[in-house]
Every structure is written in structure tokens, then in C-alpha cells.
Amino acid sequence: MAQMPFMSPLDFEPAVAPAGSAGGEERWFVFRGDRLLVELGPPSPHPSGDLRVPARPTWARLPQGPALHKNNNGLWSPPTRTLYLGRLGGSDCWAAELPAEAPPPPPGLGWEGLRALFSVLEDAHFALAGRAIQLLDWDRNHRFCGRCGAPTEAKAEERSRVCPACRLAAYPRIAPAVMGLVRRGSRLLLARGPHFPPGMYSALAGFVEPGETLEQCLAREVAEEVGVRISRPRYFASQPWPFPNSLMIAFVCDWESGEIRPQAGEIEAADWFEVLQLPKLPSKISIARRLIDGVAAEMLPSVSANTGSGA
Ligand SMILES: [Zn+2]
């Protein structure tokens with residue numbers, strides 16, 4: 001199984017409450033807004049490798065020591081909400097949210113966005129930080145029943161919030177999104193949205209609509225965004241994506257007909273790129289980059305042979 005950023009660590013056991021008496025180490029994933037509390041070093045002098053991230057810290061790790069103790073009151077400032085996540089190895093893992101007006105953290109600790117912590121924070125902790133921020137977000141957004149407006153209650157035996165008045169239950173919600181990389185001979189279709197960093201292109205992507213299969217979503221998204229018809233969708237891989245609560249499902253497919261017509265407002269530019277001359281691409285944090293790299297690597301031997309540049 002390929003390791004994907006944000007994929008649950010293999011030795012993680014999710015749970016809604018700690019089993020038995022507390023003991024051993026604890027891991028705390030403390031957020032203020034979308035930033036995680038970490039011990040962190042100075043900014044690295046090297047490029048971050050992500051056009052969306054100006055700089056990464058040279059190192060970062062989850063806070064340890066007396067600043068964060070066993071119970072919630074151990075945080076230097078009272079959390080707005082605390083959720084148990086489960087066990088990683090032998091450690092109980094907790095998520096907590098501090099309010100925006102919380103006083104600054106103890107010396108040596110700071111707030112950092114998840115993108116800047118990719119490849120800096122330990123992989124398992126990075127993945128659980130992605131889980132933590134989604135569950136905190138869900139918990140915050142479901143304090144009241146969506147049907148009758150009564151305050152909801154967390155269920156003890158599963159991850160849900162239930163309305164005591166009308167019994168409506170809310171579970172953490174994942175929004176599936178399909179990503180598609182279209183092949184045409186030795187070229188790949190890449191596009192850029194209006195909010196992309198300058199010069200960066202990526203594969204196409206969009207959310208699955210009610211009633212659609214993944215393959216139907218892929219065909220519709222490609223047709224809507226660039227006016228091209230596709231065939232032969234092949235599954236590539238999937239990736240949890242906590243910005244804010246998606247599951248990305250990536251496909252490669254073949255061009256069938258039509259020429260590129262970028263969708264106004266959605267697609268700023270789109271083009272066919274020779275696999276040997278790809279533009280700036282997203283960081284390896286995203287499945288988009290893995291999809292493009294993976295498909296390009298598959299195509300390169302035949303492309304090189306045809307152009308006589310193969311070694
Ligand atoms: Zn209700």
C-alpha cells in the first residue's frame with residue numbers, strides 16, 4: 001500500500017474514549033484556527049518545495065513536557081473543546097482547540113499551518129494532525145441540531161452527536177472529490193485555477209454530486225472544466241485531504257474528443273503539456289503531484305524512445 005500524506009498510521013487505533021486507566025505517554029494535537037501547536041526551530045534557508053508555503057521550519061515536533069499535562073486543565077489556557085482520537089503505538093492521542101484570544105503559548109512553542117509542517121513533523125503525527133483538525137471542525141459545526149436547532153450531545157460509544165429532542169444524529173462528514181489526469185499521446189492535460197500560485201498547473205478535480213459514480217463525476221468534471229470528452233478511466237490512488245474534509249480519489253484517463261475550452265471563472269488556463277516539459281506542479285503533499293509524477297514516469301520510456309532521447 002502506497003504511503004500517502006494524511007493516511008492513518010498503521011499502528012493507530014481510533015477510539016472515542018480512552019480504554020481503562022490512563023498511563024504512558026500522551027500526544028496532544030492542539031489547534032488555534034487552522035494552526036497546530038508545535039515546538040519548532042528557525043525557518044529553513046532552503047526552498048519549501050511548495051509554492052503555497054513561503055518557508056518551512058528546520059524542525060518541528062509535538063509539544064512535550066510540563067506545558068501540556070494529562071488533563072485539559074494542564075493546557076496553559078482552557079480549551080474550547082477536547083476530543084479523544086485513539087492510540088498511536090502506546091500513546092493516547094487527544095485533539096484540543098484553543099480560542100482565537102488564547103494567550104501566547106509557553107516559550108519554545110508556536111503555531112504553524114499544516115502545509116508548512118509536511119515532511120517536517122513526524123509522518124504519523126502529521127497524519128493525526130489532519131484527522132484532529134477535521135474532527136474539531138466537525139464537533140464545532142454540530143453543536144446544534146441541523147433539523148430542530150436544539151443543542152446536541154456527544155455519544156459515548158461512537159463518533160457522533162445526537163439531538164436529544166428529535167434524535168437526528170450527525171457523523172463526521174467526508175466530501176469525496178475526484179481528480180483526473182487526461183492523457184493524449186505523449187501529452188498531459190493540466191490546468192490552473194484563478195487562486196493557484198503563479199505558474200503552477202495541476203490535474204483537474206471536483207466534488208462528487210449525489211447520484212454520481214466516481215467515473216461519472218470524472219467525465220462530468222473534465223467536460224465542464226475544459227470541454228473535453230474522456231474514456232478508459234483507471235483508478236490511481238486515494239488520499240485523505242483535510243482542507244477542509246475531503247477524500248481525493250485520483251484517476252488517469254484517455255482523451256477521446258474535443259479541444260480545450262476553459263470554464264470561465266473556474267479555469268484560468270489549461271493546456272496539453274509534453275510529458276518531458278511539464279510546468280510547475282503542486283507539492284508532494286497532494287495526490288495531484290503523485291498522480292502526475294506516476295503517470296509521467298510510466299509514459300517516459302515510450303516518449304524517450306520515440307524522440308530518440310532515451311538512454
Ligand atoms: Zn433535533
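Modeller: Let's sort out one term before we look at this predicted model: Ala, Val, Leu, Ile, Met, Phe, Trp, Tyr, Cys and Pro count as nonpolar, Asp, Glu, Lys and Arg as charged, and the others as polar. By that sorting, the lining of the second largest pocket has 17 nonpolar, 7 polar and 4 charged residues.

Biologist: Which residues lie nearest the centre of the second largest pocket?

Modeller: Those are Gln 134, Leu 135, Pro 172, Arg 173 and Ile 174, out of 28 lining residues. Leu, Ile and Pro are on the nonpolar list and Arg is on the charged one, so Leu 135, Pro 172 and Ile 174 are nonpolar and Arg 173 is charged. Gln is on neither list, so Gln 134 counts as polar.

Biologist: What makes a residue part of that lining?

Modeller: An atom within 4 Å of a pocket point, so each of the 28 passes that cut-off. The largest share, 9 residues, comes from α2, which spans 123-141. β14 and β15 each supply at least two residues too.

Biologist: How big is the space in each pocket?

Modeller: It's about 780 Å³ in the largest pocket and about 550 Å³ in the second largest.

Biologist: And what lines the largest pocket?

Modeller: 33 residues, with Arg 52, Met 179, Phe 196, Ala 205 and Met 248 nearest its centre. The elements giving two or more residues include β11 (175-184), β13 (204-207) and α4 (287-307). β13 gives the most, with 4 residues.

Biologist: How does that lining divide by class?

Modeller: Into 18 nonpolar, 9 polar and 6 charged residues. Met is on the nonpolar list, so Met 179 and Met 248 are nonpolar, whereas Arg 52 is charged.

Definitions and conventions. Residues are numbered from 1 along each chain as its sequence is written. This is a predicted model: local features need pLDDT of at least 70, side-chain atom pairs count only at pLDDT 80 or more; totals for chains, interfaces and linings use all residues. Side-chain values use heavy atoms; hydrogens and water are left out. On a 1 Å grid over the protein atoms alone, a cavity is a set of points where a 1.4 Å probe fits but cannot get out, and a pocket is an open set with protein on both sides within 12 Å along at least five of seven lines; lining residues have an atom within 4 Å of a point. Grid points are joined across faces, edges and corners, and a volume is the space filled by probe spheres set on the points.
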